[in-house]
Amino acid sequence: QVQLVESGGGLVQAGDSRRLSCAANGRTHSSYTMGWFRQAPGKEREFVAAISWSRGSTYYAGSVKGRFTISRDNAKNTVYLQMESLKPEDTAVYYCAASTYSDLGSFYAAAQKKYNYWGQGTQVTVST
């Protein structure tokens, strides 16, 4: 079993930066793919970014590409989401997820059904 714990959310202003962290505990495996998803009020949960744990391949949603950066620290079993130039439309609950697939590729990285474990989420609110 894998437990994922997100942190770093909060209230920020438009244009600010924020870094989210996701600590993976339990029976983690070095070949897992890790992802970030988000859900805005009244909307479906959507893909944000993913990183293959072993090779470090990264994938991004078009809406965040160039502003968000996903990275990982294997030694700490932690994945980060660095968010720059935040916009009000980035307001959402951000979820960390883990997939037992080593590298989902650009298409399946966004597929929620490919992820086996989910965190509880952390709220990010971007004010104008």
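I will talk through the salt bridges, the disulfide and the strand pairing around strand S4 in this structure, which is a predicted model.

Let me begin with the charged side chains. A search over the whole structure turns up three salt bridges, and Arg38, Glu46, Arg67 and Asp90 are linked by such contacts into a network. As general background, side chains of opposite charge can pair when their charged atoms come close.

If we start from Arg38, the side chain of this residue meets that of Glu46 in a salt bridge, with 2.7 Å from N to O. The two partners sit in unlike surroundings, because Arg38 has a relative accessible area of 5% and is buried, whereas Glu46, at 37% relative accessibility, counts as partly exposed, the cut-off for buried being under 20%.

Arg38 also meets the side chain of Asp90 in a salt bridge, here at 2.9 Å from N to O. This pair links distant parts of the chain, since Arg38 belongs to strand S4, residues 33-39, while Asp90 lies in the loop between strand S8 (78-83) and strand S9 (92-99), and the two residues are 52 residues apart. In this case both Asp90 and Arg38 are buried.

Asp90 then takes us on to Arg67, and these two side chains meet in a salt bridge of 2.8 Å, again given from N to O. Here too distant parts of the chain are linked, with Asp90 in the loop between S8 and S9 and Arg67 in the loop between strand S6 (58-60) and strand S7 (68-73), 23 residues apart. As for which side of the cut-off these residues fall on, Asp90 is buried because its relative accessible area is 1%, and Arg67, at 12% relative accessibility, counts as buried as well.

Let me turn now to the cysteines. How many disulfides does the count come to? The count comes to one, and the pair concerned is Cys22 and Cys96, whose sulfur atoms are 2.0 Å apart. The link between Cys22 and Cys96 is left-handed, with -80° about the S-S bond. Like two of the salt bridges just described, this pair links distant parts of the chain, with Cys22 in strand S3, residues 18-26, and Cys96 in strand S9, 74 residues apart. Both cysteines are covered by the same cut-off of under 20%, so Cys22 is buried at a relative accessible area of 1%, and Cys96 counts as buried at 0% relative accessibility.

That leaves strand S4, the strand that holds Arg38. S4 is mostly covered, with six of its seven residues buried, and it pairs with strands S5 and S9.

With strand S5, residues 46-52, S4 runs antiparallel and is joined by six bridges. S4 and S5 form a hairpin with six residues between them, and in the turn Gly42 has a positive phi of about 75°. With S9, the pairing of S4 is likewise antiparallel and extends over seven bridges.

Which residues stand across from Thr33 in S5 and in S9? In S5, the residue opposite Thr33 is Ser52, and in S9 the bridge partner of Thr33 is Ser99.

To close, I would come back to the network that links Arg38, Glu46, Arg67 and Asp90, and to the disulfide of Cys22 and Cys96, as the contacts to look at in the model.

Technical notes:
Residues are numbered from 1 along each chain as its sequence is written. This is a predicted model: local features need pLDDT of at least 70, side-chain atom pairs count only at pLDDT 80 or more; totals for chains, interfaces and linings use all residues. Side-chain values use heavy atoms; hydrogens and water are left out. A salt bridge is a side-chain nitrogen of Lys or Arg within 4 Å of a carboxyl oxygen of Asp or Glu. Buried means under 20% relative accessible area, exposed over 50%, partly exposed in between (1.4 Å probe, protein chains only). Helices (H or I, at least four residues) and strands (E, at least two) are DSSP runs, numbered from the N terminus. A disulfide is a pair of cysteine sulfur atoms within 2.5 Å. Two strands pair if DSSP finds at least two bridges between them.
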